[in-house]
Structures are given as structure tokens and as C-alpha cells.
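Visitor: Hi, could you walk me through this one? I'd like to start with the pockets.

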Amino acid sequence: MTAWNFDIPTYSQCDSFNRFRMRVDECYESLRIIEQVVEKMPKGRYVTDDYRYGVPDRKKMLTDIESLIHHFINVTRGPKIPKGESYVACEVPRGEQGYYLISDGLGVSYRTRVKGPSFTIVQMFPMLAKGCNISDLIAILGSSDYTLPDLDR
């Protein structure tokens with residue numbers, strides 16, 4: 001196992017400028033991590049070699065009938081989603097994003113809900129704006145890194 005070289009940026013102050021500095025430092029650290037990943041990435045396919053679960057390589061698909069069949073099934077039917085309910089959370093750049101699915105066992109989910117991180121971010125605005133001037137609201141909103149389309153979900 002190889003060790004990854006990265007730092008976790010932290011600041012003890014909680015004002016808008018330091019939130020901005022934190023975001024810039026996180027961007028630089030992300031670039032360092034991406035450079036390390038690119039250097040250590042092995043050659044070859046990065047998707048599974050089992051064509052029942054992934055799209056086959058284009059050159060192989062044009063010469064091998066079994067690969068062509070799996071490609072046709074994957075593209076036309078899509079993956080079979082097991083029957084039941086599921087919630088999965090994953091880390092995204094602005095925080096945690098959650099996916100809630102209800103499936104009836106077909107290739108498409110019966111119901112899908114996505115909880116984006118911006119909804120959680122805007123919940124802190126009343127606490128951050130308490131005792132501030134109206135002119136401070138622009139700096140607070142700008143340093144919070146939320147997205148309006150994410151709030152619609």
C-alpha cells in the first residue's frame with residue numbers, strides 16, 4: 001500500500017475570509033491528490049473486464065459477438081435494480097450528497113430522491129448572519145459555496 005501525500009487545511013477563525021482561504025487551499029490539495037492518482041494509476045481498462053456489468057471496449061465489441069450482445073443488453077435495458085429501498089450517501093465537494101431509491105425490481109427505479117449538500121449549507125445562514133450588517137450578508141453568502149439549483153431537489 002502506498003502512502004498518499006496531502007495536507008488537511010484548517011483555520012481556527014470562522015469568518016468569511018478564512019472560509020474563502022479554506023476553499024482555495026482545498027483546491028490546491030485536490031490538485032496534489034489528483035496528480036498522485038494519475039502517477040500511480042495502472043495501465044489498462046479502468047472499468048470491469050466482465051462485460052455483463054460494464055460497456056465493452058469498442059474494438060472488441062466490433063469483432064466479438066458476445067461483447068456486442070452484452071453491449072446491446074447494457075444499453076437498451078440498463079442495469080437491473082434489486083427490489084426494495086436503499087439510501088446511499090457519498091462525499092462530494094460541498095459535503096454529503098444522499099441518494100434514496102425505491103425499486104420494484106425493473107431496470108428503472110420506481111422513485112429516486114437526491115439530497116444535495118447545499119440544503120444543509122443554507123441552514124447555517126441565520127446563525128452566521130446574527131448580529132451582522134446587511135452588507136455582511138454578501139460576504140457570508142459568497143463564502144458559503146452553495147448552489148441554487150441544488151436547493152430545488
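**Pockets and a hairpin**

Guide: Sure. This is a predicted model. The largest pocket has 19 residues lining it, and those nearest its centre are Arg-19, Arg-23, Met-124, Ser-143 and Ser-144.

Visitor: Which elements give two or more residues to that lining?

Guide: Those are α1 (16-40), β1 (84-92), α4 (117-122) and α6 (134-144). The top contributor to the lining is α1, with five residues.

Visitor: How much space lies in the largest pocket?

Guide: About 360 Å³.

Visitor: And what classes of residue are in its lining?

Guide: Seven are nonpolar, six polar and six charged.

Visitor: OK, next one. How much space lies in the second largest pocket?

Guide: About 210 Å³.

Visitor: Which residues line it, the second largest pocket?

Guide: Its lining is made of Arg-23, Glu-26, Cys-27, Ser-30, Pro-93 and Asp-145. Arg-23 also lines the largest pocket.

Visitor: How do the residues of that second lining divide by class?

Guide: Three are charged, two are nonpolar and one is polar.

Visitor: Switching topic. You mentioned β1. What joins β1 to β2?

Guide: Nine bridges do, and β2 covers residues 95-103. The two strands run antiparallel.

Visitor: What do β1 and β2 form?

Guide: They form a hairpin, with two residues between the strands.

Visitor: Can you show me one pair? Which residue in β2 is the bridge partner of Val-88?

Guide: Tyr-99. Find Val-88 first, then look across to Tyr-99 in β2.

How values were computed
Residues numbered from 1 in each chain as written. Predicted model: local features only at pLDDT ≥ 70, side-chain atom pairs only at ≥ 80, totals over all residues. Heavy atoms only, no water. 1 Å grid on protein atoms, 1.4 Å probe; cavity = no way out; pocket = protein on both sides within 12 Å on 5 of 7 lines; lining within 4 Å. Points joined across faces, edges and corners; volume = space filled by probe spheres on them. Helix = DSSP H or I, 4+ residues; strand = E, 2+ residues; numbered from the N terminus. Nonpolar A, V, L, I, M, F, W, Y, C, P; charged D, E, K, R; others polar. Pairing = 2+ DSSP bridges.
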